[in-house]
Protein chains: 2
Amino acid sequence: MPNPFAFRLTATDGYARTGEIATPHGVVRTPAFMPVGTQAAIKGVHHDDVRESGADILLANTYHLMLRPSAERVAALGGLHSFMRWPHPILTDSGGFQVMSLSALRKVAEEGVTFRSHLDGAMIALTPERAIAVQILLGSDIAMQLDECVRLPAERSEIERAMQLSLRWAERCKRAFENAAAGQALFGIVQGGDDQNLREASARALAAIGFDGYALGGLAVGETQDVMLNVVGETAPILPVDKPRYLMGVGTPADILEAIARGIDMFDCVLPTRNGRHGLAFTRFGPINIKNAHHAEDARPLDAESRCPAARDFSRAYLHHLFRAGEALGGTLLSIVNLYYYQDVMAEARAAITAGRFADYLAQSHAQWAAKSDRQES
Amino acid sequence: MPNPFAFRLTATDGYARTGEIATPHGVVRTPAFMPVGTQAAIKGVHHDDVRESGADILLANTYHLMLRPSAERVAALGGLHSFMRWPHPILTDSGGFQVMSLSALRKVAEEGVTFRSHLDGAMIALTPERAIAVQILLGSDIAMQLDECVRLPAERSEIERAMQLSLRWAERCKRAFENAAAGQALFGIVQGGDDQNLREASARALAAIGFDGYALGGLAVGETQDVMLNVVGETAPILPVDKPRYLMGVGTPADILEAIARGIDMFDCVLPTRNGRHGLAFTRFGPINIKNAHHAEDARPLDAESRCPAARDFSRAYLHHLFRAGEALGGTLLSIVNLYYYQDVMAEARAAITAGRFADYLAQSHAQWAAKSDRQES
């Protein structure tokens, strides 16, 4: 019998927390950054490199996998861990967010959402029960409730309608999850847009239903960083203290550290790989756009002291050449650089919280990024 | 002072030979397969994987590198080994073949070839002297003479004209190479199309000039395998026995073993990586087209007994999914599978020659590829 899901707080520093999430496939150290393996693969990066970067857990997208190769096929092949050969923890989202963002035609009703597949145009129904059944078939360690995510800015009435619908779906997901395998966990998702009264109502209602963890959804969807951090700062403290808190789809290293300062434990984002493919490296010195001409003859590595071989061993001139020449290896190497850097930031954040100096670490990080940034060039 | 270039025969079995090429950057075991790093990168594959596959030496393309980032820039960055961070042997071609195949507008004259860059339309002159100067700047361990390669079939008069011109360019390259760094080697290229009299005249004239090794050029350019192997079989034995023999741009594993049987020591080809990107895996059981639907639920790896982690650890179903989903990781993994398989074939060939059983190995390989091939499906 696999280990059950469990969360243990190990240190706090202000609102910032460190902890450990035990799952059937291993322990996740928090604060944790989850690289995004949309279609059961981290774009352009070998699993071994993802693991060596320090990732304890991956995120995979239910929407994509239910369409291709299908949850039933993944289950027949032994589940997602076996299928993609990632024997470590995996979180799956519910598919709801991609239905909203990728499907041209969709209809939200009480029962669930009906949408046209972006692959073959087939009409597909995704109910709370189906979202859970799919995630049980995939066999992820952490499943997410189906929710409706509203793009900001939006009318309060629209935000409230979606928040209330998401709460009713949360209850149905909880019931459907009684069929889950031993050890699997289910997180609820707080909605409510940028309205703090709605956020608080959502958070309290979800806590009353009772989940293994709580996510903040409906952020990083068009609002400013200030708005996002205000919502995070006012919502995180009213979530159950003994459960992990997950800020979905966020963000830059600065976003993440600011959210950690406000009590968030888990993050996922496509930025390290998407920006890497486009030539943008995240480094201790701020972002570096390797395609800029002034790197063409620069024999220095991105970061001679990095733990990441790609950041340490290849010159900026060579990386620049790979992008100019259209060699996919360039995007792969910068994606790896970024995945390492994100994990380094998480490890440093954990160490700083443990040592009770997180506020100093946050201020130093901002100063270092600003001092040596060449963001202006990009 | 680096080791000088040297070739030592270690065993023969019929016409097949094993040997060792000493270069300033290490030893190349022959028969050797050189993965192609056109633009100072193996497409989609990290250098470390190329090395771990068993490659002793890479090929890089002078044509591409002289256009971007330029030989002068590579030299300023410490030469090609340092630039691309491949501290092992490198062979560069002369650029002549790509001028013929990639440049829309070109003019061949006694002095050299003038062509329009496929990148920016600039008119560029490539003379024998410039081809050598570029390769000296790149700092490759083995440089190739500039030659003119004629696509087959062609008129005998045209083949002869190009062969004679290539011989005059060979002499000029040899003179220009007096400026080479210590240890660098220069190979001559036998031309003559499918005309054995011309091939023989070319081979004898090149041997009289004297090179560190001899290549067969102008093959794998449209002729049948029979024609190619006939030329190889009749030309290789008249090349100097104490120098390496290199069959340029060849080929499939079957082509390579047949050419080894005829006395060839070195090969290069884009097939392992190009076919890998397109979903074709070379295996002990013959080629496998992973995109075919019947792999979609096949939990078996490509080859459970392979030395290659990608061939051993991922299911055919997962690799199939990566290609169907358009994930670049699929092409990367199959390229790695193919690079390992090519190196396995070379290692097995060397062992068979050493043991005096190369003919048996050749026959067994053909039988194994034919018995379990799913070539018909592709």
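Student: Where does Glu258(A) sit in chain A?
Tutor: This is a predicted model, by the way. The stretch to look at covers residues 253–261 of chain A, and Glu258(A) has its place there. That stretch is helix α10.

Student: Is Glu258(A) buried or exposed?
Tutor: Its relative accessible area comes out at 15%. The cut-off for buried is under 20%, so Glu258(A) counts as buried.

Student: Which residues does Glu258(A) touch, leaving out those up to four places away in sequence?
Tutor: Skip the sequence neighbours up to four places away and see what is left. For Glu258(A) the contacts are Leu229(A), Leu362(A) and His366(A).

Student: Over to the sheet. Which strands of chain A stand at its edges?
Tutor: The open sheet has 3 strands in the order β1-β2-β3, paired antiparallel. Two of them have a single partner strand each, so one side of each is left without a neighbour in the sheet. Those edge strands are β1 (6–13) and β3 (26–30).

Student: How many bridges link β1(A) and β2(A)?
Tutor: Strand β2 spans residues 16–23 of chain A. Within this pair, Arg8(A) faces Glu20(A) of β2(A). The two strands run in the antiparallel sense, and the count is 7 bridges.

Student: What relation links chain A and chain B?
Tutor: Turn chain A by 180°, with a shift of 0.0 Å along the axis, and it lies on chain B with an RMSD of 0.0 Å. That is what a two-fold axis does. The same surface serves both copies, with 100% of the contact residues of chain A recurring in chain B. So the relation is that of a two-fold axis.

How values were computed. Residues are numbered from 1 along each chain as its sequence is written. Chains are lettered from A and ligands numbered from 1 in the order in which they are written. This is a predicted model: local features need pLDDT of at least 70, side-chain atom pairs count only at pLDDT 80 or more; totals for chains, interfaces and linings use all residues. Side-chain values use heavy atoms; hydrogens and water are left out. Two strands pair if DSSP finds at least two bridges between them. Helices (H or I, at least four residues) and strands (E, at least two) are DSSP runs, numbered from the N terminus. Buried means under 20% relative accessible area, exposed over 50%, partly exposed in between (1.4 Å probe, protein chains only). Contact means heavy atoms within 4.5 Å. Copies are superposed by least squares on the C-alpha atoms of residues with pLDDT of at least 70 in both.
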